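Student: Could you take me closely through one part of this structure, the largest pocket, and show me what lines it?

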Amino acid sequence: MNYNRGDLMMLAAGVVWALYSIIGKKLPVPPITATTCSVFLACCCGRSHSFIRFQLIT
């Protein structure tokens with residue numbers, strides 16, 4: 001059986017989503033606050049990833 005990069009990314013996404021769901025139920029914060037924090041973190045990670053990728057290309 002051969003796995004490619006996309007398969008591993010989907011596996012990782014499933015694991016992260018499961019952890020997010022489990023941790024989200026145990027946090028004593030309103031759902032809108034948890035969503036806002038997760039969106040903020042995703043934007044920060046996306047920005048740093050695109051910046052690093054831009055630096056590697058140029």
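Tutor: Taken whole, the protein exposes about 5600 Å², of which carbon and sulfur atoms supply 74% (accessible areas come from the Shrake-Rupley method with a 1.4 Å probe, and for residues only the protein chains shown count as cover). This is a predicted model, in which local features need pLDDT of at least 70 and side-chain atom pairs count only at pLDDT 80 or more, while totals for chains, interfaces and linings use all residues. Residues are numbered from 1 along each chain as its sequence is written, and side-chain values use heavy atoms, with hydrogens and water left out.

The protein has two helices and zero strands (DSSP runs numbered from the N terminus, H or I of at least four residues for helices and E of at least two for strands).

The largest pocket holds about 180 Å³ of space; a pocket is an open set of points on a 1 Å grid over the protein atoms alone, where a 1.4 Å probe fits, with protein on both sides within 12 Å along at least five of seven lines, and lining residues have an atom within 4 Å of a point. The volume is the space filled by probe spheres set on the points, which are joined across faces, edges and corners. Its lining is made up of Val16, Leu19, Tyr20, Ile23, Gly24, Leu27, Ala34, Cys37, Ser38 and Leu41. Two or more of these residues come from each of α1 (5–26) and α2 (31–57), and α1 gives the most, with five residues. By class, the lining has eight nonpolar, two polar and no charged residues, where Ala, Val, Leu, Ile, Met, Phe, Trp, Tyr, Cys and Pro count as nonpolar, Asp, Glu, Lys and Arg as charged, and the others, Gly among them, as polar.
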